[in-house]
Amino acid sequence: MRGYFVYPALFSFLLVCTLLSGGHWLAIGITSYFFLRLYRLKKKSNFFTSLIIGGCVTCFTSVHQSDNDTVLVESSGKFIIELQMDEVKYDGNQLQFYGVVKETAEQKNLSEKVVVFYYIDSLAEKDWWQSQHHKQKLIVEGELSSPEKNRNQYLFDYKQFLFNKRVHWILSADQLAVLPNYKSHTFWGNYSLSAIKERLMEHIDQTMTPKIGNYMKTLLLGDVGAFETELLQQFKDLGLLHLLSISGLHIQFLFSIFSYLLLRAGMTKESSYFILVPILFFYGSLIGWGTSPFRAVVASFIALSAARFTIRISTLDVWSMTLIAALMIDPYQISSVGFQLSYGLSLLLVLFSKTFLVSWYNYWTQNLLISFVMTAASTPVLMFHFFEFPWIGTIANLLFIPYFSWVLIPLLIYLALSFLISGTILFELLLNILETVLSFPEWIASRLSKIPFNLIVTGRIPLFLMGIFCMALILWFMSLETRKHRKKALFGAAAVFLVAVQYQTYSPFGEVVMIDVGQGDAFLIKEPFGQGNHLIDTGGMISFGTEETWMQKETPSTVANRHVLPLLKAKGVRKLTTVFATHGDADHIQALKEIAEGVKIEEVVFPTGTEKKDLFRETAQILQKQSVTLTSVVADKKAPVKVNSFLYVLWPFEAGEGENKDSLVLYGQIGAYKWLFTGDLGVEEEQKLLEEYPNLKVDVLKVGHHGSHTSSSESFIRQIDPEIALISVKKANQFGHPHDEVIDLLESEKLKVFRTDLNGAVHYNYYPFEPKRHSMDFQTILLEDEKF
């Protein structure tokens with residue numbers, strides 16, 4: 001069979017995409033087109049086979065969809081949860097695990113997976129939990145809550161992520177305790193796969209250096225978490241994460257060793273099959289059936305079986321059968337980056353391995369071409385999920401792929417020998433050699449990741465443009481294989497690529513975004529045609545004291561890395577023309593330093609006197625070293641001070657202390673509306689502002705101090721007469737913002753109120769050549785029925 005199953009595989013994949021997307025127009029269109037092409041094939045057997053297999057995969061997907069539901073109800077109390085203790089994750093004082101609820105106070109005989117979060121009280125308690133292994137049943141006291149939808153556009157959707165894992169509830173635990181009389185140390189428990197894997201990892205920790213141990217755990221046991229966070233980020237930035245996944249190369253080499261040993265023991269190739277296959281699936285179960293390990297193990301099993309029973313089958317058919325099996329077992333995985341890269345890149349290697357690449361006999365030329373094609377193929381996936389891609393990926397892969405291929409073999413041999421020669425002089429010598437050799441990827445990765453503009457920010461590309469880009473790439477790949485019209489196809493793909501890369505950055509539409517940063521302010525103003533990007537405040541976290549060292553997270557979640565920077569990338573923002581710091585409070589400027597590390601800032605504008613605040617002064621000193629222009633301003637009673645082409649400073653009139661009363665007040669025309677941004681200005685200062693500008697009228701008001709009653713007096717609201725009020729505030733915040741009296745006032749004045757705690761981020765889009773008002777000008781991330 002040569003490529004017989006590729007049609008059913010691709011048709012099944014498109015059917016799953018259509019089902020899981022809820023019948024998206026693009027998925028329906030592509031699936032319909034593929035169906036018509038199938039129908040017009042000369043071999044009708046391909047058409048009917050595709051219908052049968054596609055129908056089976058569709059049925060399996062429908063069953064998965066119907067089963068992906070919950071029987072639990074939102075409640076608090078005691079829960080009996082079963083879990084594998086070795087799968088618990090610890091980050092500072094936070095403990096997290098996926099467990100199966102067996103019963104609650106109201107419900108018995110359950111079997112539903114939940115994710116549990118618990119904050120540990122002491123270092124001794126953390127040490128005790130980390131000493132626990134095997135399977136356990138816990139009594140958990142806490143509260144179930146439904147995961148929230150994403151509150152900022154295009155950012156990571158945790159609710160969808162959990163749904164794809166068949167998890168519908170988050171359990172916030174107050175207390176954890178092991179269920180009395182539960183036997184976790186059974187005979188089978190001591191020899192379970194998790195126990196064996198744990199012993200292997202303990203052996204690696206005891207006999208290897210930390211660096212070698214991390215590589216062995218990652219490359220041989222599939223434990224990517226063993227890699228250092230900084231190094232893992234460097235690999236991601238260089239487009240090298242795929243090298244840290246268990247692949248066909250690992251399986252191929254591992255089983256060449258076993259085959260050799262079995263043959264040396266006197267077994268024939270035919271009889272060794274019945275030993276190799278159980279070992280293969282044992283290894284797959286040991287490392288976990290992730291996307292890449294599943295593909296590698298199943299593909300190896302099909303190839304082994306075909307060789308044993310003398311069935312002629314092509315590599316393309318092996319790939320196709322593996323894809324069909326993956327879709328039947330877990331259709332939800334198609335949305336993951338790992339699935340898309342694993343199956344997409346492996347398909348290209350299969351297609352080109354005996355056609356396009358055969359004509360290139362030079363080893364380095366061949367590897368350069370492979371790296372270039374792989375980088376090009378991964379670009380749309382990276383652009384869609386991360387809004388950026390590493391242009392240096394081709395060079396990085398050219399260096400790292402041969403390295404991982406050549407160094408992986410000594411690592412595997414080293415693991416086998418370590419059980420026999422540990423503690424000897426030879427063992428120590430091998431340790432020193434490998435320690436030196438393994439420094440190579442870290443040194444190269446650190447150097448390459450520091451190259452300026454390594455990552456090209458593209459923003460989230462519209463689906464129609466992404467579809468055109470993917471089609472252009474496919475046509476180029478087809479031209480490489482057929483060796484026809486290569487230059488034309490390359491030119492077309494390059495042209496579409498350039499349009500896609502620049503689309504968001506130079507979009508003809510302007511936009512204002514009230515970013516949901518929790519309890520703080522951050523407004524992005526994106527001018528049309530890339531004329532400028534401006535940020536009014538950055539958001540930030542208010543600190544309530546320092547934590548002990550053991551309580552601190554390895555990679556803390558911050559306003560910058562969770563909300564602001566990802567949104568800037570999603571919008572194609574490569575540099576910020578201006579950042580306006582309205583005053584010195586942490587919830588308005590604390591994220592500024594981290595944002596400056598992630599995106600270039602040309603100028604920071606702040607009211608004179610803000611530098612007296614420690615937080616801003618320390619941040620300003622760092623920004624000065626990065627050649628950021630720092631501009632202090634005060635308003636002028638004679639005429640408003642213009643700070644860019646559309647914004648004016650109305651307050652303060654004199655240097656202050658960086659407090660609420662000294663907030664920078666900005667006014668300007670953006671699109672079809674007049675906007676007023678007031679920071680945390682208080683009632684008294686609002687009145688003084690009106691005295692200076694008695695004729696001030698606005699359409700959109702950024703409500704002062706997150707809707708506190710210390711701002712937004714009745715006289716102020718009535719005199720400026722806004723139509724729309726924007727309130728940036730955290731859901732269920734400790735300050736009670738926005739206060740009821742402010743909301744009552746705004747509603748009594750017939751204002752349309754948008755709040756980040758209820759609506760998520762709020763977007764206003766406009767077209768500069770048609771600045772008209774429309775009823776749907778302001779869009780929210782959370783819909784009316786999703787607010788609570």
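Here are some notes on the sheets, helix packing, cores and backbone oddities of this predicted model.

1. **The eight-stranded sheet.** Start with the open sheet of 8 strands, ordered 14-13-12-11-10-9-22-23, where the pairing is mixed. Its edges are strand 14 (629–633) and strand 23 (778–780); each has a single partner strand, so one side of each has no neighbour in the sheet. Going from one strand to the next, the twist averages 20°.

2. **Register inside that sheet.** If you want to check the pairing by eye, strand 12 (residues 575–580) is a handy place to look, with strand 11 (residues 533–536) running parallel to it through 3 bridges. Leu-535 has Val-579 of strand 12 as its bridge partner. Strand 12 also runs parallel to strand 13 (residues 600–607), and 5 bridges join those two. There, Thr-578 is matched with Glu-603 in strand 13.

3. **The seven-stranded sheet.** Another open sheet has 7 strands in the order 15-16-17-18-19-20-21, again with mixed pairing. Strand 15 (641–642) and strand 21 (752–755) are the edge strands, pairing on one side only. Within this sheet, strand 19 (residues 700–702) and strand 20 (residues 724–727) are parallel and share 3 bridges. Val-700 has its bridge partner in strand 20, namely Ile-724.

4. **Helix 1 against helix 3.** Two numbers describe a packed helix pair: the angle between the axes and the distance between them. For helix 1 (residues 6–20) and helix 3 (residues 44–67), the angle is about 35° and the axes are 8 Å apart. The crossing is right-handed. On the helix 1 side the contact residues include Tyr-7, Phe-11, Leu-15 and Leu-19, and on the helix 3 side they include Leu-51, Ile-53, Gly-54, Val-57 and Thr-61. By class, the contact has 10 nonpolar and 9 polar residues, with no charged ones.

5. **The nonpolar cores.** The largest nonpolar core has 54 residues, and Leu-666, Trp-675, Leu-676, Leu-726, Leu-746 and Phe-778 have the most contacts inside it. Leu-666 is worth clicking on: setting aside neighbours within four places in sequence, its contacts include Ile-536, Phe-580, Val-643, Tyr-648, Trp-675 and Phe-677. A second core, separate from that one, has 31 residues, among them Ile-204, Leu-243, Phe-427 and Leu-434.

6. **How the two sheets relate to Leu-666.** Residue 666 falls in strand 17 (665–670). Ile-536, one of the contacts of Leu-666, is in strand 11 (residues 533–536). Phe-580, another contact of Leu-666, sits in strand 12 (residues 575–580). Strand 17 belongs to the seven-stranded sheet, while strands 11 and 12 belong to the eight-stranded one.

7. **Asn-164 and Arg-166.** Is Asn-164 buried or exposed? Asn-164 is buried, because its relative accessible area of 17% is under the 20% cut-off. Asn-164 is found in helix 5 (residues 158–164). Beyond neighbours within four places in sequence, Asn-164 is in contact with Tyr-332 and Ser-335. Arg-166 lies in the loop between helix 5 and strand 6 (170–178) and is partly exposed, at 28% relative accessibility.

8. **His-242.** His-242 sits in the loop between helix 9 (229–237) and helix 10 (248–264). With a relative accessible area of 35%, His-242 is partly exposed. His-242 and Leu-345 are 103 residues apart in sequence, yet their C-alpha atoms are 9.8 Å apart in space.

9. **Backbone outliers to look at.** Most peptide bonds are trans, and most residues other than glycine have a negative phi. Against that, the bond from Trp-651 to Pro-652 is cis, with omega near 0°, and Pro-652 is in the loop between strand 16 (647–651) and strand 17. His-737 and Pro-738 are also joined by a cis peptide bond, with omega about -10°; Pro-738 is in the loop between strand 20 and helix 27 (740–748). As for phi, Arg-166 has a positive value near 65°. Ser-627 has a positive phi of about 65° too, although not a glycine. Ser-627 is in the loop between helix 24 (614–625) and strand 14, and at 62% relative accessibility Ser-627 counts as exposed.

Conventions:
Residues numbered from 1 in each chain as written. Predicted model: local features only at pLDDT ≥ 70, side-chain atom pairs only at ≥ 80, totals over all residues. Heavy atoms only, no water. Pairing = 2+ DSSP bridges. Helix = DSSP H or I, 4+ residues; strand = E, 2+ residues; numbered from the N terminus. Axes fitted to C-alpha atoms, helices over the stretch in contact; angles between N-to-C directions. Left-handed = near helix turned anticlockwise from the far one by under 90°. Contact = heavy atoms within 4.5 Å. Nonpolar A, V, L, I, M, F, W, Y, C, P; charged D, E, K, R; others polar. Core = buried A, V, L, I, M, F, W, Y, C linked by side-chain atoms within 4.5 Å. Buried < 20%, exposed > 50% of the residue type's maximum accessible area, 1.4 Å probe, protein only.
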